[in-house]
Structures are given as structure tokens and as C-alpha cells.
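Please read the following account with the sequence and the coordinates at hand, moving from the empty spaces to the strands and helices.

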Amino acid sequence: MKTLICGGRIIDPAQNMDEIGDILIEDGKIAQIAPKIIEEADQTINAEGHVVMPGFIDLHVHLREPGFEYKETIRTGAMAAARGGVTTICPMPNTRPVIDSPDRVKDLLERAKDAAVHILPIGAVTIGQEGNELADIAGMKETGAVALSEDGKSVMDSLVFRHALKEAAKNKIPMFSHCEDKALVDGGVMNAGAKAEELGLPGITNAVEDVIVARDILMAKETGCRLHLCHCSTADSVLLIEMAKQQGLPVTGEVCPHHFILTSDDIKCDDPNYKMNPPLRTKKDVDALIRGLKNGSFKVISTDHAPHAVPEKTGSIRNAAFGIVGIETSFALSYTALVETGILTISQLIEKMSWNPAQILGSDRGTLQKGHPADIVIADIDHEYKIDKNEFASKGRNTPFDGWKVKGKILYTICDGKIVYQNA
């Protein structure tokens, strides 16, 4: 099967490439890139006037299956990913049962075998995510887990976490840390400050995140484990990552569009669509996150895609579930907020959504180099459109961005050479 993509603006940060040209796909691989390719193909895609990029890789997604299929399934989550230009997703292990053993990794991979995009499981750090006994880290790595995480909580026992980091280092598998001191949360549901006081809601201070960020960086330094800090949201997280970078530590960090676009002041009323963990912070924090994106401290933009059923996101922030969906809007929101404003170049944005995540996983994806898998996304970055949650492929509709005007509409998503999404 041959597919020819013609006349697009090809951008591949891995090759420092930004030029008009054609791409030939053959048997699921990139066969050729050239200014003009004269060759018969089974199908031709006219990409003239659009950007052609490596498929995005989202390191932080919640698919909810098994156990919570009423929120999302592997099929609907994978289709949502394809609609957002994401060709590889890494689902967190906080399902029911928890993905905490080789058999459960195998089960997830079996469930995902016909998914529209690549599903790379993340295994739990401890059995049942209870924080007490280490899961079979070596076994999960052997059966296909690409990282470890206790996402949704931190391993609060530092000795248990040290053992986990040592085992992860030994097995050459990265640790993805959800940084949250559970005791310090103290019933909080949104960022502590004037807005929380105005709405009469208990607050979550920055220290809830910062204390664990500092601990985990120091313990990664001690053990030599590769550490990836999930959904960073505070100014001090940026400083701590910058310090780790200065010391040459194996530490990377990610930030989500909602955290670098919105602040707690954007919560105008008691609206549960603005409830997420970590919460929306202050403008000072957002400015620091943007600095970290610009100076390269943050290598990755991910989503923490967290779908919920409507009743779980109805009523007060106080009682609603934490989390928003994001995988279908991440590129458009990021392009509009970061590239249109001159904070990042489009190549820098793509690097944070494709090549850098691939490097953290040790994957051969995230690039358009010849011989690599043909995971490709084509987007229209010139014409504005409106986000409509009712068009989502995800079961989740819980987003604060419904109705926002953005640029960066995904037109085609190609996974292993196969078109898995085409905008109608």
C-alpha cells in the first residue's frame, strides 16, 4: 500500500526540517521525502496550504478501561486521540483493576490490539496503588509497560518510593510522578487564594505539589532513575526543574494546555468544568510555566485527558470529580496560545508534542525520517474554528474550552501508514 502526501509544509524537528514537499508512505513506513515525488500511489492526499507533522505522542492519558467504561473506553479514547492528531497514547494505570502486574499489562494490550492509535501502557508503582508493596516492575517492563506511575496519587512512603526508583533504574524504565502530598491537600478542591475564598471553596496550596517535586528530584538524583514530572502547575516546580537541568539530572517535565492557558481567576462561578488536579493556579504560576516552555525546561506538552460522565461533573466544584478532557483540543489550544502569540515557533511546539515524548519513551516514532513508522498528522493552521464539545469522539464532554475560537484544525491523522481520522 502506497500513499503520497503532496505539497504540504513538512515540519520535523528531529531533522530540523521545515520545507514544502512530498512524502511517500509504503508498507506503513516513511519511504521518501522530497520536494517532488513522481511515483504512482494507491492514494494521494493533497496537503497544499497545510502543515504535515509527526504524529503527536501523549504521555499522560486516562482511558478508564477496564472498570470505568462508562467514562471512556479504549476505542473511544483512541478515536479521540486520532481526532486530535495523537498517534500514540500512554494510559495511566488507575483503572479497576489497577494495571499493576504483567498479566494486566497483557490484558490491556489485548484490549487495545484493534485501537485506532498506538496504546503504550504505564504500570503502577505499587500493588493496587496502595503505596505499600512494589508491583512486579521487571515483569511489567518485559510485557510492554513503557513507564511507571502511581498517577492520581504519590507514593507517600519515601522508602518505598526509593526502592521503586532503584528497581526502575535497574530495569531502565522511567518513573512518571504525580506530585501531590496527600496530607497537605486537606480537602482542597481548587487553588488556594482570593478566588477560592470568593467562591467559599477549600483551597489547595502550591506546596502540595512543590514538596513532592523537590523530594522526587532529589531521590532521582540519588538513585539515577529517569524521572518525568507530570502535569506541573507551579512557579516553584519550574525553578526546581531548572535546577535539576543545571545539574544534568535525568529529569524531564510536562505541562498541560489548561495549566499554561487558564488561571484561577478564569473561574467566574462554581463551575465543575474548571476542577482539575493539580488545580488552575495564578498568573504568576502561568507566567513561570510559559517561561519553562520557552527556555526548554519543559520538554513535553501532554493533556492528562480525564473523561468523566456528566453526573460526575455536575453541581458544585466541591463535590465534582477532578479532571477535564483534552486530547482532541491540545494541538489547537497550544498552537493558538503559544505559536500565534510568538512564545514558541511551530517547530518547537511540534518537538514538545512528538519528538521529545518519543525520546523519553525510547521510541522510533515522533519523526518523519525515512524508514521510521508513518505516524503523520496534517493540520490547517490558518483558519479559525470553534471548539464544540458535542463533536468530541471521547465520551467525556468535561472541558472549560467549549466555544473557544482556535486555529490548528486536524485534517488527517495517519497511523502506521493508515488513515485513522479524516476531517469531513
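A cavity, as the word is used here, is a set of points on a 1 Å grid over the protein atoms alone where a 1.4 Å probe fits but cannot get out. The model in which such spaces were sought is a predicted one, and it holds seven cavities of 30 Å³ or more. The largest cavity has a volume of about 150 Å³. Among the 17 residues that line the largest cavity, Arg83, Glu328, Tyr385, Lys409 and Ile410 are the closest to its centre. Helix H11 (330-339), strand E18 (385-386) and strand E20 (409-415) each contribute at least two residues to the lining of the largest cavity, and by class this lining comprises seven nonpolar, four polar and six charged residues.

The second largest cavity encloses about 70 Å³. Its lining includes His178, Cys179 and Glu180, together with Ile204, Val208 and Glu209, and further along the chain Cys230 and His231 as well as Asn277, Pro278, Pro279 and Arg281. Sorted by class, the residues around the second largest cavity are six nonpolar, three polar and three charged.

Open spaces can be considered in the same way. The largest pocket has a volume of about 440 Å³, and of the 25 residues that line this pocket, Arg64, Asn94, Gly152, His308 and Phe322 lie nearest its centre. The lining of the largest pocket divides into seven nonpolar, 12 polar and six charged residues.

Turning to the strands, one may begin at the start of the chain, where strand E1 (residues 2-12) and strand E2 (residues 17-26) run antiparallel and are joined by nine bridges. Within this pairing, threonine 3 stands opposite isoleucine 25 in E2. The hairpin of E1 and E2 has four residues between the strands, and asparagine 16 there takes a positive phi near 50 degrees. Strand E2 is in turn joined by five bridges to strand E3 (residues 29-34), again with the two strands running antiparallel, and in this case aspartate 22 stands opposite alanine 34 in E3. In the hairpin of E2 and E3, which has two residues between the strands, aspartate 27 takes a positive phi near 50 degrees.

A further hairpin is formed by E20 and strand E21. Four bridges pair E20 with strand E21 (residues 418-422) in the antiparallel sense, and isoleucine 414 stands opposite isoleucine 419 in E21. Two residues lie between E20 and E21, and aspartate 416 in the turn has a positive phi of about 50 degrees. Strand E20 has already been met, as one of the elements that supply at least two residues of the lining of the largest cavity.

Parallel pairing is found in an open sheet of three strands with the order E6-E7-E8. Strand E6 (56-61) and strand E8 (118-119) stand at the edges of this sheet with a single partner strand each, so one side of each is left without a neighbour in the sheet. Strand E7 (residues 86-91) is joined to E8 by two bridges, the two strands running parallel, and isoleucine 89 stands opposite isoleucine 119 in E8. Helix H1 (residues 74-83) packs on the sheet and touches E7 and E8, its direction making about 135 degrees with that of E7.

A second open sheet with parallel pairing has six strands in the order E9-E10-E11-E14-E15-E16. Here strand E9 (122-123) and strand E16 (300-301) stand at the edges, and each has a single partner strand, so one side of each is left without a neighbour in the sheet. Two bridges join E9 to strand E10 (residues 147-149), which run parallel, and the bridge partner of glycine 123 in E10 is leucine 148.

How do two helices lie against each other? Two packed helices are described by the angle between their axes and the distance between the axes. The axes of helix H7 (residues 207-223) and helix H8 (residues 235-246) come within 9 Å and cross at roughly 10 degrees. Angles under 35 degrees count as roughly parallel, so H7 is roughly parallel to H8. From H7 the contact draws on Glu209, Asp210, Val213, Ala214 and Ile217, and from H8 on Asp236, Ser237, Leu240, Ile241 and Ala244. By class, the contact of H7 with H8 has six nonpolar, one polar and three charged residues. Glu209, which takes part in this contact, is also one of the residues that line the second largest cavity.

Key
Residues are numbered from 1 along each chain as its sequence is written. This is a predicted model: local features need pLDDT of at least 70, side-chain atom pairs count only at pLDDT 80 or more; totals for chains, interfaces and linings use all residues. Side-chain values use heavy atoms; hydrogens and water are left out. Two strands pair if DSSP finds at least two bridges between them. Contact means heavy atoms within 4.5 Å. Axes are lines fitted to C-alpha atoms, for helices over the stretch in contact, and angles run from 0 to 180 degrees between N-to-C directions. Angles under 35 degrees count as roughly parallel, over 145 as roughly antiparallel, 65 to 115 as roughly perpendicular and the rest as oblique. Ala, Val, Leu, Ile, Met, Phe, Trp, Tyr, Cys and Pro count as nonpolar, Asp, Glu, Lys and Arg as charged, and the others, Gly among them, as polar. On a 1 Å grid over the protein atoms alone, a cavity is a set of points where a 1.4 Å probe fits but cannot get out, and a pocket is an open set with protein on both sides within 12 Å along at least five of seven lines; lining residues have an atom within 4 Å of a point. Grid points are joined across faces, edges and corners, and a volume is the space filled by probe spheres set on the points.
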